[in-house]
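You asked for a quick read-through of this one before you dig in yourself. Have a look at the model first, and then we can go through it together.

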Amino acid sequence: MPRTKYKFNPDSLSFDRVRLGVKAILLRFLAYFIGTIIVAVIYWVIFATFFDSPKEKALEREVAQLTIQYDLIHREMVNVENVLEDLQKTDDNLYRTIFEAEPIPATLREGGVGGVNRYEVLEGYNNSNLVIETAGRLDKIRKKIYVQSKSFDDLIELAMKKEEMLRAVPAILPISNKDLTRTASGFGLRIHPIYKIIKFHSGMDFTAPAGTDVYSTGNGVIVSIQSSKRGLGNHIIIDHGFRYTSVYAHLSNFNVRVGQKVQRGDVIGFVGNTGTSVANHLHYEIKLNGTNVDPVNYYFEDLTAAEYVRMIEIASKTGQSFD
Amino acid sequence: MRNRKYVLDLADVQYKLVILHWKVKLLRLILWFSVSVLMAVFYGTVFENLFGSPKKRMLSQQVENLKLQYSLIGRQLDNSMVCLNSFRLSDDIRYRPVLDMDAIPESYRHAGFGGVDRFRDLRGYVNSDLLISFRSKIEEIKNLANVQDESFKTITERSAEWKREMDHQPMISPVSVEFRLGDGYRFREIHPVYGTPRMHYGQDFSVPYGTDIYATGDGKVIESGWNSNGFGNYIVIDHGYGLHSTYGHLSDIKVVKGMNVKRGDLIALSGSTGTSSGPHLHYQINQFGEHKNPINFFNNDMSVEEYNEMIQALGSISKFR
């Protein structure tokens, strides 16, 4: 208020100057402030009821689009799931047709193999049974000076050659086998693909495209390369020494010569379909003392304990061999 | 009365009542109103920026809820991808190599992406990234699923063909393995009957008169009866794929021309008819007219029991085919 104001005082019958104390001024401001807030609230309520702020408009737009897209995606998802179900059925049928066995759920779909604890006993399992056996036997011999059918000298030589032996004995997969998907029929009784009877399958089959590299699974010497249209087809025999030989059959081509020395991992030939074979695959055998043994126990350099168990599972399911 | 104010008019030296003109009062009111509106806007803006209006908060909550739903469906999408990957693995590594089929190129599986900005309508939102990523994910999955579906169909067709070919190719011995092999596919200096040098295009099996002869693969009988070129009573089966198998010097023929046979079917009894020096089966394989060595079309890998078991097994299977 620009001009000084007076108030009539009825008691003193005079005009008193209106002095506004600080308190009074403050009170007025407060009253004014609160007043405006109340009004502000009222305005805002009215405004908000009838209008949306730009931010709200944007949010509404956001919600609308998110909802539309979500419904769209959800509908598509349902369609996709139907397609996936059909694909699953087809996959299973193809598996049954080609392998004559019930399909095993892939680790991917199962979300990992079971607990690790089951395989504790296989952990730290670095050496083959034979090496442990031989080492044990050698200890016995040294302590008891027990002469067996094989000469004593022979066995001492074996002990000294242990390093060499570890490199020579088959210990890896003969072809690359990521996630074990190429593992087909295993060792033992299998349905013969042509004869339709249960027959003894002397090795392991790995499916692979024609021309896939085949590796020597241990150091050794190529002792036989044969081309043939029947039986094992084109096949290689490697002598690893230590009474082990390995056979690689149905090859399309060779990469070595007879007499050649090979190291574990060398490419010796390529997958094919020669001989009595119904599809491109590698037939792999291991012989100990001339007798066929189950190759599944001879991949310890390549497989983890869990993979080993899984491979046994895949290979042992009664199914059709490819030769 | 208490609120009446007075002003000292120095000119008149009198206290005069302050009476406000109605215009002034109106002006004051308008002023107060405008200021309060301004204050309201000020407070409102400050408040909204600090707390947000209830409507805004509700909408924001809706957005959060939707984002949650998206993350849930996101997990389903990831699962689908995992499934598709495992089908793709089976496709590339298990099935195609066995069936001698080339793998589908990676570029074909992912065809149809990129190019014009297909997500234009999803731009300009706070959550545009989310919308676009989900949209493109579901489109990718749809596309991959379609490609896989197509691929599996092709593979299924081919696998049926593969089985058919396997069933049709001559792959077993036409007689039980208890019998010995006779003369083979070779040039004979002295023919056992003619005495002259002649190429022997077949594999002989030394079987006694009246031995069971079996079809070595599925096929159709195209010749059956007397052959005037020395085969005597003979049968020719067309297996398809250019392959023909011939069975000569038979005594008793059990099939007729035009008949369809399956591997393991009894087609004849052996004999010594035609140009034959003794009871035996003459077995021949021709592919696209060319003579082939029959020894490459069967193995010596089973016992007599297994052979008999096989004939039984083949016979029981053929009933279902």
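Here are my notes, point by point.

1. First, what kind of model is this? It is a predicted one, with an ipTM of 0.75 and a pTM of 0.72. Chain B comes out with an average pLDDT of 88, and 96% of its residues score at least 70. As a general habit, where pLDDT is low, the predicted coordinates should not be read in detail.

2. For a first feel of chain A, count its elements: 7 helices and 13 strands. Chain A has 323 residues, and 29% of them count as buried. If you take the contacts in chain A between residues at least 6 apart in sequence, 66% join residues at least 24 apart.

3. Now for the sheet that both chains build. It is an open sheet of 4 strands, and reading across you go β2(A), β1(A), β1(B), β2(B), with antiparallel pairing. The edges are β2 (14-17) of chain A and β2 (14-17) of chain B, each of which pairs on one side only. From one strand to the next the twist averages 50°.

4. Zoom in on where the chains meet in that sheet. Strand β1 of chain A (residues 5-9) and strand β1 of chain B (residues 5-9) are antiparallel partners over 3 bridges. Tyr6(A) has Tyr6(B) as its bridge partner, while Lys7(A) is matched with Lys5(B). If you're new to sheets, strands pair through backbone hydrogen bonds, either parallel or antiparallel.

5. The contact between the chains takes in 62 residues from chain A and 70 residues from chain B. On the chain B side, the elements giving two or more residues are β1, α1 (22-50), α2 (54-98), α4 (128-168) and α5 (304-318). Which of them gives the largest share? That would be α2(B), with 24 residues. Sorted by class, the side of chain B that touches chain A has 40 nonpolar, 17 polar and 13 charged residues.

6. Next, strand β11 of chain A (residues 267-271). Of its 5 residues, 4 are buried, so β11(A) is largely enclosed by the rest of the structure. It's worth tracing its pairings. Strand β6 of chain A (residues 213-215) pairs with β11(A) in the antiparallel sense over 3 bridges, and there Val214(A) has Gly269(A) as its bridge partner. Strand β9 of chain A (residues 244-254) also pairs with β11(A), antiparallel and over 3 bridges. In that pairing, Asn253(A) is bridged to Phe270(A).

7. Val214(A) turns up again in the largest nonpolar core. Of the 58 residues there, Val214(A), Tyr248(A) and Leu282(A) touch the most other members. The element giving the most to this core is α4(B), with 8 residues. There is also a second, separate core of 29 residues, including Ile172(B), Ile213(B), Ala268(B) and Ile285(B). In soluble globular proteins, nonpolar side chains tend to be buried together.

8. What does Tyr248(A) touch, not counting residues up to four places away in sequence? Its contacts are Pro174(A), Val214(A), His235(A), Ile236(A), Ile268(A), Gly269(A), Leu282(A) and Tyr284(A). Try picking these out on screen; Val214(A) and Gly269(A) are the bridge partners from point 6.

9. Two backbone spots for you to check. Most residues other than glycine have a negative phi. Arg243(A), however, has a positive phi, near 70°. You'll find Arg243(A) in the loop between β8 (234-241) and β9 of chain A, and it counts as partly exposed, with 15 other C-beta atoms within 10 Å. The other spot is Tyr241(B), with a positive phi near 55°. Tyr241(B) lies in the loop between β9 (232-240) and β10 (243-253) of chain B. With 13 C-beta neighbours inside 10 Å, Tyr241(B) is partly exposed too.

10. One last residue: is Asn227(B) buried or exposed? Asn227(B) is part of strand β8 of chain B (residues 219-227). There are 20 other C-beta atoms within 10 Å of Asn227(B), and 20 or more is the cut-off, so this residue counts as buried. Leaving aside neighbours within four places in sequence, Asn227(B) is in contact with Gly232(B), Tyr234(B) and Gly274(B). As for Ser173(B), 54 residues away along the chain, its C-alpha atom is separated from that of Asn227(B) by 22 Å.

Technical notes. Residues numbered from 1 in each chain as written. Chains lettered and ligands numbered in written order. Predicted model: local features only at pLDDT ≥ 70, side-chain atom pairs only at ≥ 80, totals over all residues. pLDDT = per-residue confidence, 0-100. Buried ≥ 20, exposed ≤ 12 C-beta atoms within 10 Å, placed from the backbone. Pairing = 2+ DSSP bridges. Axes fitted to C-alpha atoms, helices over the stretch in contact; angles between N-to-C directions. Contact = placed C-beta atoms within 7 Å. Nonpolar A, V, L, I, M, F, W, Y, C, P; charged D, E, K, R; others polar. Core = buried A, V, L, I, M, F, W, Y, C linked by C-beta atoms within 7 Å.
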